Amino acid sequence: MSGRIRIALIGVGNSACSLVQGIGYYGEDDSRMGLWHKSVGGYRVSDVKVVEAFDIDGRKVGLDLSEAIFSKPNVARRHFDVDTIGVKVKRGFLYDELSHHLRGSFDIRDEDPSEMVSALRSSRADILVNLISSGLDRTSKAYAEIAIKSGCCFVNATPSLIASDEHFVKRFKEANLVVVGDDLMSQFGGTAFHKGILDFMHSRGIKITKSYQLDVGGGNETLNTLDEGVKFTKRGMKTKAISIELPYEFETVAGTTDYVDYMLNDRTSYYWIQGESFLASPIKVDIYLRTSDGPNAGNVLLDIIRAVKATKDKRSFGAPLEICGYGFKHTSKSVGLRDAYRDFALKYVK
Ligand SMILES: NC(=O)c1ccc[n+]([C@@H]2O[C@H](COP(=O)([O-])OP(=O)(O)OC[C@H]3O[C@@H](n4cnc5c(N)ncnc54)[C@H](O)[C@@H]3O)[C@@H](O)[C@H]2O)c1
């Protein structure tokens, strides 16, 4: 690992587990199957190095990151044996009430935030990647503040509003830093697939009238999403991300509906789409998609991390729409899937 991009992870859960495995696996050889983009903004995967990691779960705190990523309650699959990294997971902090679904599953150890600033400064982290459980808005915002204080760019994978909040964007810009978010959009997850099918039907002249997407999965984050508050927020974001895909209004609903523990890190998304074609003849689509959450985040996270560093290298700051539109569901301006990918690729993919 060349360490040209030094990242710190907050939240050593299932997405972090897949990301860390991906950094090791493709860092060794980026001609291996499954990597979407070899070079982003002139950076290879081997340029990415994890220099700090934080969590509040006592079963992970104190362990080397290579061990913590496979510790309970993580359920992401082991694809690659990660060598000892030499980064011990430190304690993060918690400013919110945990949802009652998570309360029983964490062994909480939290810390004074000032320790985190000095750790980030001394490890010379470039980017803080926020992968904590959703619904912890005060905590995610406090981590964004820590990023500003420590001189780190910020990647917000959670649905808390940070990169789509003007106030935060201004503060990151003034500090000559980049902030991107909010709510990661998986590479080939429920939202991207739903948007892609709608775009295809629209491009073939079908008038969409209604659609829904119901997700069922395992993993702690799905369990957490069953909490009414979190469910409502995430459903609102997913639904909005879908509705902007078409240039007219139609009825749509998208969200997680249930948790099945033995599905582990897998997810099934059930879709139903209704449209009309010539002479108002009905078209109905009924499909399901099976994916795995952690790996589905890996390519997009690696692309975002490299693009953020490349943006900062060029002394461009704030929240670039080319990265936010490509990698996240909730952005300050609406962008369709096709345009978002085109803009990202034009700027960053060689
Ligand atoms: N494909 C994807 O995985 C995907 C897609 C979209 C959004 N996201 C978002 O990414 C985030 C992570 O998802 P995940 O599946 O890895 O979740 P997860 O539940 O597997 O992991 C979350 C981790 O965060 C830790 N954590 C919780 N509160 C913390 C705090 N205050 N400080 C430090 N650590 C804390 C937990 O202990 C756990 O290790 C979630 O917000 C999720 O909504 C993920």
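This is a short tour of the structure, stop by stop, for use in a viewer.

**Before you start**

The model is predicted. Residue numbers run from 1 along the chain.

**Stop 1: the two domains**

Colour residues 5–185 together with 295–348; the domain assignment calls this domain 1. Give 190–292 a second colour for domain 2. The C-alpha centres of domain 1 and domain 2 lie 25 Å apart. Their contact takes 25 residues from domain 1 and 27 residues from domain 2.

Which elements supply at least two residues each to the side of domain 1 that touches domain 2? Select helix H3 (100–103), H10 and H12. H3 gives the largest share of that side, with 3 residues. By class, this side of domain 1 has 8 nonpolar, 13 polar and 4 charged residues.

**Stop 2: the ligand**

Now select the ligand and the 34 residues around it. Gly 11, Gly 13, Ser 15, Gly 92 and Ala 297 come nearest. Four elements give two or more residues to this shell: helix H1 (14–28), strand S2 (48–55), helix H8 (220–225) and helix H10 (293–313). H10 provides the largest share, 4 residues. The shell holds 14 nonpolar, 15 polar and 5 charged residues.

Keep the domain colours on. Why does the ligand lie between domain 1 and domain 2? Both domains give residues to the shell around the ligand, so the ligand lies between them.

**Stop 3: helix H7**

Select residues 190–203, which form helix H7. H7 has 14 residues, and at 1.5 Å a residue they should span 20 Å. The C-alpha atoms at the ends of H7 are 20 Å apart, which agrees.

Show the side chains next. The buried residues of H7 are Gly 190, Thr 191, His 194, Lys 195 and Leu 198. These buried residues cover an arc of only 125° around the axis, which puts them on the same side of H7. Turn to the face away from that buried side to find the exposed residues Phe 200 and Ser 203.

What covers the buried residues of H7? The cover includes strands S7 (207–217), S8 (251–259), S9 (266–276) and S10 (282–292). Helices H9 (228–243) and H12 (337–348) are also among the covering elements. After H7 comes Gly 205, with a positive phi near 80°.

**Stop 4: Ser 114**

Go to helix H4 (residues 113–122) and pick Ser 114. Is Ser 114 buried or exposed? Ser 114 has 10 C-beta neighbours inside 10 Å, so it counts as exposed. Add Ile 146, which is 32 residues from Ser 114 along the chain. The C-alpha atoms of Ser 114 and Ile 146 are separated by 8.4 Å.

**Stop 5: two cis peptide bonds**

Zoom to Lys 72 and Pro 73: the peptide bond between them is cis, with omega near 5°. Pro 73 is in the loop between helix H2 (65–68) and strand S3 (90–91).

Then move to Gly 181 and Asp 182, where the peptide bond is cis with omega near 0°. Asp 182 is in the loop between strand S6 (179–180) and H7.

**Stop 6: two positive phi values**

Pick Arg 124, in the loop between H4 and strand S4 (127–130). Arg 124 is not a glycine, yet its phi is positive, about 55°. With 13 C-beta neighbours inside 10 Å, Arg 124 counts as partly exposed.

End at Ala 280, in the loop between S9 and S10. Ala 280 has a positive phi near 60° and is a residue other than glycine. Ala 280 counts as exposed, because it has 7 C-beta neighbours inside 10 Å.

Methods:
Predicted model: local features only at pLDDT ≥ 70, side-chain atom pairs only at ≥ 80, totals over all residues. Near = placed C-beta within 6 Å. Nonpolar A, V, L, I, M, F, W, Y, C, P; charged D, E, K, R; others polar. Domains from an automatic or database assignment. Expected span 1.5 Å × (residues − 1). Buried ≥ 20, exposed ≤ 12 C-beta atoms within 10 Å, placed from the backbone. Arc of directions from axis to C-beta. Contact = placed C-beta atoms within 7 Å.
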